[in-house]
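Please open the model in your viewer and keep the sequence panel beside it. This tour suggests what to select at each stop and then describes what is there.

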Amino acid sequence: MRVFMRAFFLVCVFLVPAACEPVSAAIIGFGSWAYEKFKCRWECCYEETQWIKFDAAGLRKDLKAHVFGQHIAVELVVKVVSGHTRVGREAKKALVLSFEGITGSGKNYVSEFVAKNLYKEGMKSEFVHKIIATHDYPLESNLDIYKTDLKNRIVTA
């Protein structure tokens, strides 16, 4: 995109001066500069290496230090997330983790450690979507509506 913007600017300024009066050329030049300056101030997939900072050792350490009685889950979570973020692997789908269990078993707790060790912004990352069934989908009578909503949330994420 950067090369295209600069090439367009050069063509506009030097090859077609009649078509680009000085004001248009200045706007195009400013647009190119602004794009380069601000393109990744917010989380974006184009520069994902800036926002994704997976730390497998940190995740394992955090889970082992804070999650008790779930040694199989700890190893499985580290293995799955490590496999998904492996260097040289192009993920075809988003990583979706579904933690199930009774209230107080640590589902949200574990998800916070995953987010902390996967994204620079942790739980505040726009790539993290935490859904709590009892909060987000409280009425059993609205199950069909909830299914549609959940599918839309996944597709548009």
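Before the first selection, one term is needed: a residue is called buried when its relative accessible area is under 20%, exposed when that area is over 50%, and partly exposed in between, with a 1.4 Å probe and protein chains only. Keep in mind that this is a predicted model, in which local features need pLDDT of at least 70 and side-chain atom pairs count only at pLDDT 80 or more, while totals for chains, interfaces and linings use all residues. Residues are numbered from 1 along each chain as its sequence is written, and side-chain values use heavy atoms, with hydrogens and water left out.

**Stop 1: the whole chain**

Show the chain as a cartoon and follow the elements from the N terminus, where they run α-α-α-α-α-α-α-α. There are eight helices and zero strands; here helices (H or I, at least four residues) and strands (E, at least two) are DSSP runs, numbered from the N terminus. Of the 157 residues, 21% count as buried. If you switch on the surface, its accessible area comes to about 12,000 Å², and 62% of this belongs to carbon and sulfur atoms, the areas being obtained by the Shrake-Rupley method with a 1.4 Å probe and, for residues, with only the protein chains shown counting as cover.

**Stop 2: a loop residue**

Select Val 96, which is found in the loop between H5 and H6. Is Val 96 buried or exposed? With a relative accessible area of 64%, Val 96 is exposed, because exposed means over 50%. Now add His 129, which is 33 residues from Val 96 in sequence and 9.7 Å from it in space, C-alpha to C-alpha.

**Stop 3: the largest nonpolar core**

Next select Leu 59, Leu 63, Val 67, Val 74, Val 77, Val 78, Val 81, Val 110, Phe 113, Val 114, Leu 118 and Tyr 119, the twelve residues that make up the largest nonpolar core. A nonpolar core is a set of buried Ala, Val, Leu, Ile, Met, Phe, Trp, Tyr and Cys residues joined through side-chain atoms within 4.5 Å. At least two residues of this core come from each of helix H4 (56–66), helix H5 (71–84) and helix H6 (107–118). In soluble globular proteins, nonpolar side chains tend to be buried together.

Stay with Val 74 for a moment: leaving aside its neighbours within four places in sequence, Val 74 is in contact with Leu 63, Lys 64 and Val 67, where contact means heavy atoms within 4.5 Å.

**Stop 4: the two faces of H4**

Which residues of H4 are buried? Select Gly 58, Leu 59, Asp 62 and Leu 63, since these are the buried residues of H4. They cover an arc of only 125 degrees around the axis, so they lie on the same side of H4; the arc is that of the directions from the helix axis to the C-beta atoms. These buried residues pack against H5 and H6. The face turned away from the buried side carries the exposed residues Ala 57, Lys 61 and Lys 64.

**Stop 5: salt bridges**

A salt bridge is a side-chain nitrogen of Lys or Arg within 4 Å of a carboxyl oxygen of Asp or Glu, and by this rule the count comes to five. Select Glu 75 and Arg 60, whose side chains meet in a salt bridge (3.2 Å, N to O). This pair links distant parts of the chain, with Glu 75 in helix H5 and Arg 60 in helix H4, 15 residues apart. Adding Lys 64 shows a network of salt bridges that links Arg 60, Lys 64 and Glu 75.

Then select Lys 116 and Asp 62, which meet in a salt bridge of 2.9 Å, N to O. Lys 116 in helix H6 and Asp 62 in helix H4 are 54 residues apart, and the pair links distant parts of the chain. Lys 116 counts as partly exposed at 43% relative accessibility, whereas Asp 62 is buried, with a relative accessible area of 11%.

Finally, move to helix H8 (residues 143–156), where Arg 153 and Asp 149 lie four residues apart, about one turn of the helix. Arg 153 forms a salt bridge with Asp 149, the closest N and O atoms being 3.9 Å apart.
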